[in-house]
Amino acid sequence: MALTDDAIAKIRSMVQSGELPPGARLPPEPQLAEQMGLSRSGVREAVKVLESARVLDVRRGDGTYVTSLAPRLLLEGLGVAVELLRDDTLLEVMEVRRLLEPMATGLAALRMTEAQLDDLGGILEEMRAAADDAEKLIRFDTAFHHTVVATTGNETLTSLLDGLSSRTLRARVWRGLIEGNSAHTTIEEHHAIYRALRSRDQLLAQASALMHVNTSEAWLRTVLAANAGPA
């Protein structure tokens with residue numbers, strides 16, 4: 001493991017320094033191992049790890065390349081990590097969402113095109129039609145918030161919030177809302193966000209998104225408390 005860690009560190013250093021820029025082809029394994037003064041097995045394992053992290057792209061029969069290093073690739077694993085979090089840390093995820101999502105929504109109010117607003121309105125109508133179907137609501141809710149944040153043009157922010165808004169987290173919230181007969185109220189909160197975006201009101205969009213995240217957080221607390229049962 002120590003040799004693999006050394007190999008990972010050296011390859012990362014080559015990428016960070018620009019010696020291996022995005023799209024560059026790595027030297028063949030024997031040459032790379034000799035160049036770094038490490039064993040071929042250590043280099044091989046390091047490449048596997050960095051491939052999993054989406055830093056490298058191994059193309060069978062062609063070679064190993066540095067990926068685009070785009071945020072959507074490098075932050076892809078965040079969603080998987082959130083899915084694995086225990087109940088007692090999910091509320092921390094919601095807290096991070098509360099810090100980021102309202103600001104992103106306010107920024108979107110200034111940057112969304114009319115076509116993007118029309119698309120968002122269509123998603124909102126789909127949500128209304130699926131008010132009692134948790135699976136559909138999860139899908140449309142995900143699309144709604146992704147659409148909003150993606151229009152900021154900030155790929156890092158979009159990737160972070162996509163990862164923080166995992167399917168498991170959304171499922172728990174929406175099922176709790178449906179069971180508590182509050183799904184329609186939350187859909188109206190989405191409508192409030194949409195109206196603020198349509199009016200290009202940055203502060204109102206930010207406030208509407210904050211209220212919505214607070215509602216989701218409150219329901220998640222309710223669901224987690226119910227699952228925990230009596231002390």
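This section describes the nonpolar cores, the strand pair and the charged contacts of a predicted model.

The largest nonpolar core comprises 40 residues. Those that touch the most other members are Leu120, Met127, Phe144, Trp174, Ile187, Leu197 and Leu220. Seven helices are listed as contributing at least two residues each to this core: α6 (87-111), α7 (114-129), α8 (134-150), α9 (155-164), α10 (167-179), α11 (183-198) and α12 (202-228). Apart from this assembly lies another core, made up of 20 residues, including Ala7, Leu20, Met36 and Val47. In soluble globular proteins, nonpolar side chains tend to be buried together.

The surroundings of Leu220 illustrate the packing of the 40-residue core. When neighbours within four places in sequence are set aside, Leu220 is in contact with Leu90, Leu91, Met94, Leu169, Arg172 and Val173.

Strands β1 and β2 form a hairpin. Strand β1, spanning residues 56-59, pairs with β2 in the antiparallel sense, and 4 bridges join the two. Within this pairing, Asp57 stands opposite Tyr65 of β2. The hairpin has 3 residues between its strands, and Gly61 adopts a positive phi near 80°. Strand β2 covers residues 63-66 and is buried on both faces. Gly63 and Tyr65 lie on one side, while Thr64 and Val66 lie on the other. In a regular strand the side chains alternate between the two faces of the sheet.

Aromatic rings take part in contacts with charged groups, although the structure holds 0 aromatic pairs. Arg59 lies over the face of Tyr65, at a distance of 3.9 Å from the ring centre. A second arrangement of this kind involves Phe140, whose ring has the charged end of Arg139 above it, 5.1 Å from the centre.

Charged side chains also pair with one another, and the structure holds 14 salt bridges. Side chains of opposite charge can pair when their charged atoms come close. One of these bridges joins Glu101 to Arg97, with the closest N and O atoms 2.9 Å apart. Because Glu101 and Arg97 are 4 residues apart in helix α6, about one helical turn separates them. Both Glu101 and Arg97 are buried.

Glu217 takes part in two salt bridges, one with Arg98 and one with Arg221. The bridge to Arg98 has an N to O distance of 2.8 Å. This pair links distant parts of the chain, since Arg98 belongs to helix α6 and Glu217 to helix α12, 119 residues apart. The bridge between Arg221 and Glu217 has an N to O distance of 3.2 Å. Here both residues, Arg221 and Glu217, lie in helix α12, 4 residues apart, or about one turn of the helix.

The three residues at this site vary in their burial. Glu217 has a relative accessibility of 6% and therefore counts as buried, the limit for that class being under 20%. Arg98, at 26% relative accessibility, counts as partly exposed. Arg221 likewise counts as partly exposed, with a relative accessibility of 46%.

Salt bridges also occur as a network, in which Glu114, Asp118, Arg198 and Arg200 are linked.

Methods:
Residues numbered from 1 in each chain as written. Predicted model: local features only at pLDDT ≥ 70, side-chain atom pairs only at ≥ 80, totals over all residues. Heavy atoms only, no water. Core = buried A, V, L, I, M, F, W, Y, C linked by side-chain atoms within 4.5 Å. Buried < 20%, exposed > 50% of the residue type's maximum accessible area, 1.4 Å probe, protein only. Contact = heavy atoms within 4.5 Å. Pairing = 2+ DSSP bridges. Phe/Tyr/Trp six-rings, centres within 6.5 Å; stacked < 30°, edge-to-face > 60°. Lys NZ or Arg CZ within 6 Å of the ring centre and 35° of its normal. Salt bridge = Lys/Arg side-chain N within 4 Å of Asp/Glu carboxyl O.
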